[in-house]
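Okay, thanks for squeezing me in. Let me put the model up, and then I'll walk you through it piece by piece.

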Amino acid sequence: MFCEKNTFPIKILPAFVRDLLTKEMLLFDIETTGLSSARDQIYCIGCGYLDGTEVCVELFFAESPEDEKELLNAFSRLADIHPVLVTFNGTTFDIPFIKNEPSSMRSQPMLWILQQRIHTLTFIGRRES
C-alpha cells in the first residue's frame, strides 16, 4: 500500500465551502474494482480534512488485493481522530461495501465508526441552462 498526501491553503476554497468545513470532519470516498463486495476489492480510499489553515487530501492505494486490509486500517486511523465522517452518496455504496468486507479485512472499531458517525452530504444546487 502507498499513500499520497497533498495539502493546500484553505483560503483558495470558495467562502461557502470554508464556512461548511470543520476540523472534526473527514470527507471520504472509496474506489473499487467492481460493484460486489463479495468478489471485488477496495483499491483506493480518498480522504480530505482540515489541518490548521490547510486542507489535506490523502489517497490510500492498495497495490494488490493483499494490501486491502492495510488500506482499511489507514482509513480507520484517520476516522478515529475525526468525529464527523462525511460522504457523498456513501450510504448506498461505500458504507455497505466496507461493512460487507470479510471480517479479516475490517475491524470492529471500523464498523462502530461507520454506524455511529456517518453523515451524508447531499448537494442541492441549481442547474444552469
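Let's start in helix H2, where Glu68, Leu71, Leu72, Ala74, Phe75, Ser76, Leu78 and Ala79 are buried. Before I go on, keep in mind that this is a predicted model. H2 itself covers residues 68–80, so 13 residues, and from the first C-alpha to the last it reaches 18 Å, close to the 18 Å expected at 1.5 Å a residue.

Just past that helix, look at histidine 82, in the loop between H2 and strand S5. Is histidine 82 buried or exposed? Histidine 82 counts as buried, because its relative accessibility is 4% and the cut-off for buried is under 20%. Its side chain reaches back to leucine 78, with 2.9 Å to the backbone oxygen of that residue. And leucine 78, remember, is on the list of buried H2 residues.

Okay, zooming out for a second. The protein chain has 4 helices and 6 strands. Reading from the N terminus, the order goes β-α-β-β-β-α-β-α-α-β. There are 129 residues, and 39% of them count as buried. On the outside, the chain exposes about 7,900 Å², with carbon and sulfur atoms supplying 55% of that. Then there's the question of how the contacts are spread along the sequence. Take the contacts between residues at least 6 apart: 67% of those join residues at least 24 apart.

Now the strands. I'd like you to look at S3, residues 42–51, which is mostly covered, with 8 of its 10 residues buried. Which strands pair with S3? One is S2, residues 25–32, which runs antiparallel to S3 and is joined to it by 6 bridges. Another is S4, residues 54–61, again in the antiparallel sense, this time over 8 bridges.

On the S4 side, glycine 48 stands opposite valine 57. S3 and S4 also form a hairpin, with 2 residues between them. Glycine 52 sits in that turn, and it has a positive phi of about 70°.

On the S2 side, phenylalanine 28 has cysteine 47 in S3 as its bridge partner. Phenylalanine 28 has another neighbour worth pointing at: its backbone oxygen lies 3.5 Å from a polar atom of the threonine 87 side chain. That threonine is in strand S5, residues 84–88, and threonine 87 is buried, at a relative accessible area of 1%.

Since I mentioned a cysteine, somebody is going to ask about disulfides. How many does a search of the whole structure find? The answer is 0. Cysteine 44, for example, is in no disulfide, and the nearest cysteine sulfur, on cysteine 47, is 8.7 Å away. Why not a disulfide there? Because the two sulfur atoms would have to be within 2.5 Å to count as one. As for how accessible these cysteines are, cysteine 44 counts as buried at 8% relative accessibility. Cysteine 56 is buried as well, with a relative accessible area of 1%.

Cysteine 56 takes us over to strand S1, residues 2–9, which is where threonine 7 lies. Which residues does threonine 7 touch, leaving aside neighbours within four places in sequence? Those would be Glu54, Val55 and Cys56. With glutamate 54, the C-alpha atoms are separated by 6.2 Å, although the two residues are 47 apart along the chain. Threonine 7 is partly exposed, since its relative accessible area is 39% and that class runs between 20% and 50%.

Last stop is the loop between S2 and S3, where you'll find alanine 38. This one counts as exposed, because its relative accessibility is 75% and the cut-off is over 50%. Its C-alpha is 7.5 Å from that of asparagine 100, which is 62 residues away along the chain.

That's my tour. If you'd like to look at something again, I'd go back to S3, with its antiparallel pairing to S2 and to S4. Happy to take questions.

Definitions and conventions: Residues are numbered from 1 along each chain as its sequence is written. This is a predicted model: local features need pLDDT of at least 70, side-chain atom pairs count only at pLDDT 80 or more; totals for chains, interfaces and linings use all residues. Side-chain values use heavy atoms; hydrogens and water are left out. Buried means under 20% relative accessible area, exposed over 50%, partly exposed in between (1.4 Å probe, protein chains only). Contact means heavy atoms within 4.5 Å. Accessible areas come from the Shrake-Rupley method with a 1.4 Å probe; for residues, only the protein chains shown count as cover. The expected span of a helix is 1.5 Å times one less than its number of residues. Two strands pair if DSSP finds at least two bridges between them. A polar contact is a pair of N or O atoms within 3.5 Å; within protein, one must be able to donate a hydrogen and the other to accept it, and residues adjacent in sequence count only if both atoms are side-chain atoms.
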